[in-house]
Amino acid sequence: MSLIYPKASLDAYPKHLSPGYKSTIKRSPSKPLMIVPHTLSELTGPVYGHDAIQENDNDLTKQHKGEPLGERIVVHGHVLDEDKRPVPNALVELWQANACGRYVHIVDQHPAPLDPNFTGAGRTVTDAKGYYKFITVKPGAYPWGNHHNAWRPNHIHFSVFGHSFLSRLVTQMYFPGDYLFPYDPIFNSVPDEKARARMISTFDLENTVPDWALAFRFDIVLRGRKQPRSTTTNINKTISRA
Ligand SMILES: [Fe+2]
């Protein structure tokens, strides 16, 4: 079977070896990658029913007895493929640090408090028109030891499963105007400036809930399927979010 998903979509991704991001030195492949023809196992995606999603899975402020500390936010957006078709029923998962910049993870031992009312993981599926929504708190910045005084900008990790395994996207959502952008090798491992800009959410005043929460919009573009030549003009313009 030929390549159904366009390879051009991958141009926006970070290079496997991004030396400023130290872990990639050992993790990145040292030999050229082999292009594997698409087969049914790549083209038939994971199938998720709504049943697997529990109530409050998309509300990270209601997963414990009390409310977590921090700045409550709504994070929402539209999942499209690169041919601008909405992707309904896509599994959207996120994970993040708490408002103090601490993860609930054995490896994260930096001296910031854990919040007993916040785990930092959520999931949902897009609706029939490809929209999703989460309620959470704004994550704090945290130190990560990559280089002297390295701090990650505020961010939320995302995983999105589209219609096939080849359209799965793992990325990070950032917040507008973060002063740590110029110093972050992970953010800057995405080579194209426009692709980096697509990882930054938009402050969304219209969907802010008065006296309750700020809102940020984060639209996500997954890979699209190759179209007949006459309709492929926008494939290189609308590439997947890295
Ligand atoms: Fe993180």
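**Group meeting: an iron-binding chain**

The chain exposes about 13600 Å², and carbon and sulfur atoms supply 58% of it; accessible areas come from the Shrake-Rupley method with a 1.4 Å probe, and for residues only the protein chains shown count as cover. Please note that this is a predicted model, in which local features need pLDDT of at least 70 and side-chain atom pairs count only at pLDDT 80 or more, while totals for chains, interfaces and linings use all residues. Residues are numbered from 1 along each chain as its sequence is written, and side-chain values use heavy atoms, with hydrogens and water left out.

Let me begin with the overall form. A compact globule of 242 residues would have a radius of gyration near 18 Å, and the chain agrees with this at 19 Å; the radius is taken over C-alpha atoms, and the globule rule is 2.2 Å times the number of residues to the power 0.38. Along the principal axes, the C-alpha trace spans about 55 × 45 × 30 Å. Of the 242 residues, 45% count as buried, where buried means under 20% relative accessible area, exposed over 50%, and partly exposed in between.

The chain has three helices and eleven strands. Helices (H or I, at least four residues) and strands (E, at least two) are DSSP runs, numbered from the N terminus. In that direction the order is α-α-β-β-β-β-β-β-β-β-α-β-β-β. Among contacts in the chain with a separation of 6 or more, 72% join residues 24 or more positions apart; contact means heavy atoms within 4.5 Å.

I turn now to the iron ion. Which residues hold it? The protein donors are Y103 (OH), Y142 (OH), H155 (NE2) and H157 (NE2), at 2.0 to 2.2 Å from the ion. Donors are N, O and S atoms within 2.8 Å of the metal (3.2 Å for Na, K and Ca), and since water is not among the atoms, sites may look incomplete. The angles among the four donor atoms run from 91 to 157 degrees, and the site is irregular. For comparison, four donors count as tetrahedral if all angles lie between 85 and 135 degrees; four count as square planar and six as octahedral if opposite donors are over 155 degrees apart and all others between 65 and 115; anything else is irregular.

Along the chain, the donors follow the spacing Y-x38-Y-x12-H-x1-H. Y103 lies in the loop between β2 (91-95) and β3 (121-125) and Y142 in strand β5 (residues 142-143), so this pair ties together parts 39 residues apart in sequence. Y103 counts as buried at 16% relative accessibility, and Y142 does too, at 11%.

The loop between β2 and β3 also holds D108, a buried residue with a relative accessible area of 11%. Beyond residues up to four places away in sequence, D108 touches G101, R102 and Y103.

Finally, the interior. In soluble globular proteins, nonpolar side chains tend to be buried together. The largest nonpolar core here has 22 residues, and V75, V79, Y132, F134, F158, M173 and I220 have the most contacts inside it. Such a core is a set of buried Ala, Val, Leu, Ile, Met, Phe, Trp, Tyr and Cys residues joined through side-chain atoms within 4.5 Å. A second, separate core of nine residues includes Y21, F181, F187 and V190.

Key
Buried means under 20% relative accessible area, exposed over 50%, partly exposed in between (1.4 Å probe, protein chains only).
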